[in-house]
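Good morning, everyone, and thank you for making time for this. Please have a look at the model on the screen before I start talking about its sheets and helices.

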Amino acid sequence: MQRNPKILITGANGQLGQVLTKALRDRHGKSSVIASDINQTSDSDEHYLFLDILNTERIKETIDDHGITQIYHMAAILSASGEWNPSKTWNVNFNALLRILEIARDKKLDKLFFPSTIAVFGNTTPRTDTPQDVPLLPETIYGISKTTGELWCNYYFNKYGVDVRSVRYPGIISYQSIPSGGTTDYAVEIFHELLQHGKYECFLEKDTALPMMYIDDAIQATIQLMEAPKADIQTRIGYNLSAMSFTPATLFAEIQKYLPTAQIAYKPDFRQKIAESWSQSIDDSRARTEWGWAHQYDLERMVKTMLDNLSTQK
Ligand SMILES: NC(=O)c1ccc[n+]([C@@H]2O[C@H](COP(=O)([O-])OP(=O)(O)OC[C@H]3O[C@@H](n4cnc5c(N)ncnc54)[C@H](O)[C@@H]3O)[C@@H](O)[C@H]2O)c1
């Protein structure tokens, strides 16, 4: 029988982790969700821990001390930052996952969530409507570490029965924090810059299409997958997940409907090459069929929601 969940979130101060922590606490109660990170929280949170995911012994102690039954393992170094220090990225993104998989097996945890990414795709992947099962040949160390992570999750499920579940998030758009270190960050930065300064210099070319998702959909998908009956989860590699796909020019045009004097310039940097190796759109029909995934936010609704929330924050 499933125990009442006692959840540990790693990387809880990140773009996804902050919102996920709140959503899980709303669902299960604050004391049932331990948030952890190597960044200190700004407010006092008695259920927050400093926890470096490279410190295996401390993770084990945390699980024992708090009676943890599930881990949402969000901590990682993202695609653009990863390129500055590949071996550190491999250590944080892959070696730490492997140790957490082993801990999940040893301590008989009920469930483990591993966030993967569209960065697992590479130049050999079909770029539009990318299917679930394709050869993965990622270009970045971030993509390499997440691809290998997916394979080990699948291995730990098949060999040891560890109930690990995973999705390949597209670029995540949220108003709660300003992300850094990712290739899709432009789609959040643009809102802040246009609202504050009326102009934005985009680090991708205007016609670079990428799959994207509003944060509420990403959190909904995560919790829905983790709560789905085990029999519905028919793959233990990352599920393709999709909501919308747009270019910087399309996003800017939609924002311009609300901010008609806004201006944009395009100055692509090294992230352009990374973006060009990823998919433009994703076929997520297996997630929709197998565990009922359905997105709520398209481009129009996402832009309006972002502007409404960021305008009231000012
Ligand atoms: N945001 C996106 O667009 C996106 C897209 C695809 C996949 N993902 C995946 O989702 C997960 C969460 O992403 P995010 O956007 O919230 O990332 P983020 O960079 O905003 O947050 C990651 C967090 O991990 C923490 N961290 C880094 N090294 C650590 C360590 N050694 N020990 C403990 N904590 C450490 C950081 O302090 C940070 O708070 C990641 O695994 C990422 O790969 C994110």
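I will go through the sheets, then the helices that pack together, and finally a pair of aromatic rings.

Before that, a word of care: this is a predicted model, in which local features need pLDDT of at least 70 and side-chain atom pairs count only at pLDDT 80 or more, while totals for chains, interfaces and linings use all residues. Residues are numbered from 1 along each chain as its sequence is written, and side-chain values use heavy atoms, with hydrogens and water left out.

Let me begin with the sheet of 7 strands, which is open, has parallel pairing and follows the order β3-β2-β1-β4-β5-β6-β10. Strands here are DSSP runs of E with at least two residues, helices are runs of H or I with at least four, and both are numbered from the N terminus; two strands pair if DSSP finds at least two bridges between them. At the edges stand β3 (48-50) and β10 (239-240), each with a single partner strand, so one side of each is left without a neighbour in the sheet. Strand β2 (residues 33-37) runs parallel to β3 and is joined to it by 3 bridges, and within this pairing S36 stands opposite L49 in β3. Helix α4 packs on this sheet, touching β4 (70-73), β5 (111-117) and β6 (164-169), and its direction makes about 160° with that of β5. Helix α5 (residues 141-160) also packs on the sheet, where it touches β5 and β6 and makes about 150° with the direction of β5. Contact means heavy atoms within 4.5 Å, and angles run from 0 to 180 degrees between N-to-C directions, with axes fitted to C-alpha atoms, for helices over the stretch in contact.

There is also an open sheet of 3 strands, in the order β7-β9-β11 and with mixed pairing. Its edge strands are β7 (171-173) and β11 (244-246), each of which pairs on one side only, and the twist averages 45° from one strand to the next. Strand β9 (residues 210-214) runs parallel to β7, with 3 bridges between them, and the bridge partner of I172 is M213 in β9. Helix α7 (residues 215-227) lies across β7 and β9, at about 80° to β9.

Now to the helices: how do α6 and α11 cross? The axes of α6 (residues 186-197) and α11 (residues 299-313) come within 11 Å and cross at roughly 50°. The two are therefore oblique to each other, a word for whatever is left once angles under 35 degrees count as roughly parallel, over 145 as roughly antiparallel and 65 to 115 as roughly perpendicular. On the α6 side V188, F191, H192 and L195 take part, and they meet M302, V303, M306, L307, L310 and S311 in α11.

Helix α8 (residues 248-256) packs with α11 as well, at an angle of about 55° and with the axes 10 Å apart. Here T250, L251, E254 and I255 in α8 meet L299, E300, M302, V303 and L307 in α11.

Finally, the structure holds 13 aromatic pairs. One of them, W84 with F270, is edge-to-face, at 5.3 Å centre to centre and 65° between the planes. Rings of Phe, Tyr and Trp (its six-membered ring) pair if their centres lie within 6.5 Å, and planes under 30 degrees apart count as stacked, over 60 as edge-to-face and the rest as tilted. W84 lies in the loop between α3 (79-82) and α4 (86-106), and F270 in the loop between β12 (263-266) and α9 (271-276), so the pair ties together parts that are 186 residues apart in sequence.
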